[in-house]
Amino acid sequence: MTSENTRDDEDTFNILLATDIHLGYMEKDAIRGNDTFVTFDEILKCAKENEVDFILLGGDLFHDNKPSRRTLHSCMELMRKYCMGERPIVIEILSDQAVNFSNSKFPWVNYQDENLNISIPVFSVHGNHDDPTGADGLCALDILSCAGLVNHFGRSRSVEKIEISPILLQKGNTKISLYGIGSIPDERLYRMFTNKQVVMLRPKEDENSWFNLFVIHQNRSKHGATNYIPEQFLDDFLDLVVWGHEHECKIAPVRNEQQLFYVTQPGSSVVTSLSPGEAVKKHVGLLRIKGKKMNLQKIPLHTVRQFFINDVVLADHASLFNPDNPKVMQKIEAFCNEKVEEMLEQAERERMGNSLTPEKPLIRLRVDYSGGYEPFNMMRFVQRFVDRVANPKDVVHFFRHRDQKDKKDDENINFDQLVNRTSSEVMQLRVEDLVKQYFETAEKSVHLSLLTEQGMGKAVQEFVDKEEKDAIEDLVNFQLEKTQRFLKERHIEAAEDKIDEEVGESSPSCQILWCQLT
């Protein structure tokens with residue numbers, strides 16, 4: 001499928017691919033506050049210089065569900081700067097736009113709006129960070145859509161079945177069928193796929209002449225039995241899948257030999273966690289499609305802050321570090337200092353000649369101190385790097401592997417330990433996982449009977465991450481109403497023990513219903 005012969009002409013689509021831009025990430029940080037905006041500027045500038053037909057975003061344009069005024073203003077300012085103008089748009093839209101953009105008050109593509117002058121259309125699905133929430137089911141992308149800056153597609157309101165009606169685009173003799181699914185809780189979407197409740201509609205006329213492009217924002221890596229979406233779930237008529245949500249840049253298309261489509265994973269354009277996957281160089285993609293052939297060109301991003309990560313296992317250096325030596329801690333500190341200096345020197349070498357790259361890199365040294373070692377004083381250590389790195393507080397991360405016996409003896413949550421974790425570690429914790437773990441290890445007297453750990457976890461996550469103040473109350477009221485209705489239908493006596501008995505029997509069905517809704 002991949003071809004070098006897809007030259008730019010009247011039959012060739014030129015599409016800029018990007019995902020997980022996370023505008024507003026760490027915007028209050030004195031050093032890193034502007035990183036996402038500077039890189040977004042570079043991405044849009046790249047689109048304009050390459051005269052793309054449109055930009056395709058794979059979700060998480062914003063980092064926060066309710067972005068700040070500064071973040072929204074900066075986003076709209078940049079989109080107006082690069083995506084509006086006199087340049088004519090030569091792509092046609094052939095599908096029913098009232099279906100494609102049914103959730104918008106303006107159900108048509110923005111470049112056909114007579115009140116707007118669009119030079120580069122932007123098509124985007126929502127991600128898990130900027131997904132629709134609240135009573136009105138709105139998200140930040142809906143604001144951009146209403147302003148005529150973004151074409152928000154791939155949204156489904158049903159919790160039981162999804163029908164994906166593609167956006168049908170044509171340029172010359174090339175036709176693209178663009179499918180998309182905005183972020184949905186992985187467990188729910190996994191269940192829908194296994195129950196055959198996800199249907200991709202195909203064009204009625206000459207369906208084999210279309211290039212089928214699909215955008216998805218879900219876990220690609222397996223995080224649990226059903227907490228991801230296997231590629232084998234996707235239809236085999238697809239030609240290319242653009243996978244958002246995963247931050248590691250694997251933008252070169254990889255062929256799925258079972259389904260016979262290609263998958264590209266552009267990755268994020270900003271480092272949001274100090275993990276190995278984020279250390280891979282960041283790119284966007286210039287996708288050219290002509291007929292059924294495609295070519296994807298990797299374009300490196302020069303404004304992304306450098307990130308270097310290294311692992312050290314102290315036990316592997318037993319000849320250097322004897323745990324019984326009274327000065328072993330000073331030796332370990334000197335060794336770690338040397339490793340950090342090496343990464344800083346590498347950053348300086350790679351930054352030479354590139355004035356766009358931020359001066360201070362992100363540095364992470366992970367130290368496994370298993371085997372009787374102790375961590376040194378971090379406050380003293382980081383002082384020497386305060387003016388040289390962008391993340392002085394968490395340059396070094398100490399950890400040790402516990403054996404299975406220790407894990408079994410320590411199943412309860414140590415909240416003191418959570419409080420003492422670094423900010424980057426805390427940001428990787430999932431609220432719903434903590435809630436589930438709490439109830440799994442709690443005493444029987446505080447176990448849930450009407451609510452589920454999953455439902456409560458989702459509600460707490462909405463409350464914490466997305467500032468939905470009524471999320472927990474809505475969950476309780478919903479479950480209470482369902483239970484009352486169940487008891488009335490069964491004509492249960494008012495005796496407390498009788499009610500408890502019936503509630504115990506009804507809980508599984510009520511819980512399943514709430515799980516489906518979440």
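Visitor: In what order do the 6 strands of the open sheet run?

Guide: This is a predicted model. Its open sheet is formed by 6 strands, and the pairing is mixed. Their order is 5-4-2-1-14-15.

Visitor: Which are the edge strands?

Guide: An edge strand here pairs on one side only. That holds for two elements, at residues 151-152 and 293-300. They are strand 5 and strand 15.

Visitor: In which sense do strand 14 and strand 15 pair, parallel or antiparallel?

Guide: Strands of a sheet pair through backbone hydrogen bonds, in one sense or the other. Strand 14 covers residues 283-290 and shares 8 bridges with strand 15. The sense of this pairing is antiparallel.

Visitor: Which residue in strand 15 is the bridge partner of Val284?

Guide: Look across from Val284 to strand 15. The bridge partner there is Ile299.

Visitor: What angle does the direction of helix 1 make with that of strand 1?

Guide: Helix 1 packs on the sheet. It touches strand 1, strand 2, strand 14 and strand 15. With the direction of strand 1, the direction of helix 1 makes about 175°.

Visitor: Is His22 buried or exposed?

Guide: His22 sits in the loop between strand 1 (12-18) and helix 1 (35-49). Its phi is positive, about 55°, although it is not a glycine. Buried means under 20% relative accessible area. His22 has 1% relative accessibility, so it counts as buried.

Visitor: What is the phi of Glu51?

Guide: Most residues other than glycine have a negative phi. Glu51 lies in the loop between helix 1 and strand 2 (54-57). Its phi is positive, though the residue is not glycine, and the value is near 50°.

Methods
Residues numbered from 1 in each chain as written. Predicted model: local features only at pLDDT ≥ 70, side-chain atom pairs only at ≥ 80, totals over all residues. Heavy atoms only, no water. Helix = DSSP H or I, 4+ residues; strand = E, 2+ residues; numbered from the N terminus. Buried < 20%, exposed > 50% of the residue type's maximum accessible area, 1.4 Å probe, protein only. Pairing = 2+ DSSP bridges. Contact = heavy atoms within 4.5 Å. Axes fitted to C-alpha atoms, helices over the stretch in contact; angles between N-to-C directions.
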